[in-house]
Every structure is written in C-alpha cells, then in structure tokens.
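Student: Hi! I'm new to this one and would love a quick tour. Can we look at it together?

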Amino acid sequence: MRANSQTLISDDLRERIGKARRVFVLTGAGVSAESGVPTFRGGGDSTVWKGMPFEVISSARMVVRDLALVWEWFDYRRDALKRLTPNPAHVALVRWQDKFDAFTLATQNVDGLHAAAGSRGVLELHGNVWRARCTRCDARRDLGEFDEAVRPPVCIVCGDAMRPDVVLFGEMLPEDVYERAASGATECDVCVVVGTSGVVYPAARLPEIALRSGAYVLEVNPEQTPLSAFCHATVHGAAGEVLPLFGI
C-alpha cells in the first residue's frame with residue numbers, strides 16, 4: 001500500500017494499528033529533522049567542521065587523540081539544539097505509549113527530544129548528547145551537573161575524564177540497549193519504522209527482526225528507502241503529519 005500524508009490513513013491501517021497489543025517503534029533522523037535538528041551525514045555529503053569531516057571529529061580515535069576538541073564539537077552541536085522543541089511526531093508517540101499493552105520506543109537520534117516530549121524509557125541506540133560518560137569506569141551523568149567551562153568534565157566516581165555519551169564512528173552500540181530493542185522487536189505484533197533510511201546497522205536490523213517474528217511492519221517516510229520493499233505498508237509523508245492521523 002502507498003498513501004499520501006495529505007489523505008486519510010486507510011480504515012484498514014488505522015484499525016490494524018488501533019487494535020495492536022504490542023507495538024515497537026524505531027525512529028531516525030527524519031523525525032528530529034522536523035524539529036530543526038541538523039542532519040549530519042558521512043561520505044560525499046559530509047559536514048566539515050574546522051577542516052575535519054563529521055566522521056573524523058565524531059570518531060572513537062578522536063576521543064583518544066584530542067578529547068578537548070571532541071567536546072568543543074559536541075558543545076557546538078548542543079548549542080544548535082538548545083532552542084529546539086519536540087514536534088507533533090514526538091507528541092503523538094507519547095500518546096501511543098499510553099495506548100498499547102506493551103510499547104517499545106527505540107531511536108537512532110541523540111537529541112533527547114522524545115524524552116522532552118514525555119516519552120518514558122526511550123531506548124537511545126546511539127546515546128544522548130546531553131549526557132557524559134567516563135572514559136574509565138563508564139559512569140554516566142547529566143551534563144547539567146557539570147560546569148560548562150570545564151572540559152572535559154571530571155568523573156565524580158573515579159576522577160577520570162568524561163566523554164560525550166554517544167556512539168561514535170568505530171564504536172559498537174551499547175549491548176544492553178540494543179538487546180532490549182531487539183526483544184521489543186521480537187515480541188511486537190506491529191512494528192512502525194519512522195523517518196529512518198534503513199541503512200545504518202545494526203539499528204536497521206530491528207525491523208527485520210520484527211518481520212521475521214511475524215509482526216506487521218509499517219514504514220512512515222517521505223521517500224522510498226531500502227526497507228520499503230520489505231514492509232507490509234508504507235505511508236509517504238512527514239512523521240509529524242502522518243502519526244497524528246492515526247487518532248491515537
């Protein structure tokens with residue numbers, strides 16, 4: 001099925017979502033872009049900052065090579081996020097959480113907008129720019145607990161330097177978070193993939209897990225993606241326009 005966000009969601013699709021008991025949602029950069037969050041991409045269309053491509057300044061090796069510069073880059077990114085607010089897609093998913101018997105929300109976004117909208121227990125697959133993580137003991141702290149003038153922040157547990165609590169190029173996703181997301185995908189009867197290109201693994205494997213487990217898979221995206229061919233239905237449109245149309 002293909003639909004335009006300017007038309008009503010089909011009765012069949014609305015009924016299928018409305019009657020679901022266990023729902024798994026995966027969101028990507030497209031959802032945050034509707035709030036004005038800059039999208040950083042690698043390759044030929046890479047963002048360059050102080051002469052360094054995004055995939056270099058946001059890499060694991062740069063943490064070792066120049067942690068202060070990494071903090072400067074992420075402080076710059078956070079400054080761009082400070083005035084941004086959740087959009088109707090974030091708000092709609094808060095209502096979804098209260099609707100279903102079981103609801104799992106996993107996101108590839110690091111901006112914290114799902115939690116800002118009111119979503120609880122968000123599985124942040126790639127971390128969160130508003131947190132710091134110790135380079136030694138892995139203790140995590142909200143950046144609001146630290147003096148912004150002190151970079152890198154100092155861990156209050158072991159006294160070592162802290163780094164941004166995000167997954168950088170060359171790093172694996174946090175195993176416990178991914179396992180909880182995979183469990184949600186395995187156990188759901190409906191999987192909704194929103195605003196993600198479906199090319200960043202292992203996050204893109206989650207809809208595949210849901211599909212293999214027998215779930216109905218719905219994609220919401222303005223464009224065709226590599227996932228489109230495997231979904232039971234695709235609604236072409238912006239997440240902030242489409243998700244509220246389900247009336248949940």
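**Loops, spaces and contacts**

Tutor: Happy to! This is a predicted model, and a good place to begin is Pro 202, which sits in the loop between β10 (190–194) and α9.

Student: Okay, which residue is joined to Pro 202 by a cis peptide bond, and what is omega there?

Tutor: That partner is Tyr 201, and omega of the cis bond is about 10 degrees. Another cis peptide bond runs from Arg 151 to Pro 152, with omega near 0 degrees. You will find Pro 152 in the loop between β8 (140–142) and β9.

Student: And what is usual for peptide bonds and phi?

Tutor: Most peptide bonds are trans, and most residues other than glycine have a negative phi. Lys 50 is worth a look here: its phi is near 50 degrees, a positive value in a residue that is not glycine.

Student: Where is Lys 50 found?

Tutor: Lys 50 lies in the loop between β3 and β4.

Student: Which residue does Lys 50 form a salt bridge with?

Tutor: Its partner is Glu 72, with the closest N and O atoms 2.3 Å apart. The pair links distant parts of the chain: Lys 50 is in the loop between β3 (48–49) and β4 (52–53), while Glu 72 belongs to helix α5 (residues 67–81), 22 residues apart.

Student: How many salt bridges are there in the whole structure?

Tutor: A search of the whole structure turns up 17 salt bridges.

Student: Switching to helices: at what angle do α8 and α9 pack?

Tutor: Helix α8 (residues 175–187) and helix α9 (residues 205–212) pack at about 35 degrees, and their axes are 7 Å apart. Their crossing is right-handed.

Student: Which residues make the contact?

Tutor: From α8 you have Tyr 178, Ala 181, Ala 182, Ala 185 and Thr 186, and from α9 there are Arg 205, Leu 206, Ile 209 and Ala 210. Sorted by class, the contact of α8 with α9 has 7 nonpolar, 1 polar and 1 charged residues.

Student: Now the empty spaces. What is the volume of the second largest pocket?

Tutor: The second largest pocket has a volume of about 270 Å³. It is lined by 19 residues, and the closest to its centre are Glu 124, Arg 140, Asp 165, Pro 174 and Val 177.

Student: Which elements supply at least two residues each of that pocket's lining?

Tutor: For the second largest pocket, those are β6 (123–124), β7 (127–134), β9 (162–166) and α8. Its lining has 8 nonpolar, 2 polar and 9 charged residues.

Student: How many cavities of 30 Å³ or more are there?

Tutor: The count is 1 cavity of 30 Å³ or more. About 40 Å³ of space lies in the largest cavity.

Student: What lines the largest cavity?

Tutor: The lining is made of Thr 107, Asn 109, Asp 111, Gly 112, Leu 113, His 114, Ala 115, Val 122 and Glu 124. Helix α7 (residues 113–117) gives the most to that lining, with 3 residues.

Student: And how do the lining residues of the largest cavity divide by class?

Tutor: They come to 3 nonpolar, 4 polar and 2 charged.

Terms used. Residues numbered from 1 in each chain as written. Predicted model: local features only at pLDDT ≥ 70, side-chain atom pairs only at ≥ 80, totals over all residues. Heavy atoms only, no water. 1 Å grid on protein atoms, 1.4 Å probe; cavity = no way out; pocket = protein on both sides within 12 Å on 5 of 7 lines; lining within 4 Å. Points joined across faces, edges and corners; volume = space filled by probe spheres on them. Helix = DSSP H or I, 4+ residues; strand = E, 2+ residues; numbered from the N terminus. Nonpolar A, V, L, I, M, F, W, Y, C, P; charged D, E, K, R; others polar. Axes fitted to C-alpha atoms, helices over the stretch in contact; angles between N-to-C directions. Left-handed = near helix turned anticlockwise from the far one by under 90°. Contact = heavy atoms within 4.5 Å. Salt bridge = Lys/Arg side-chain N within 4 Å of Asp/Glu carboxyl O.
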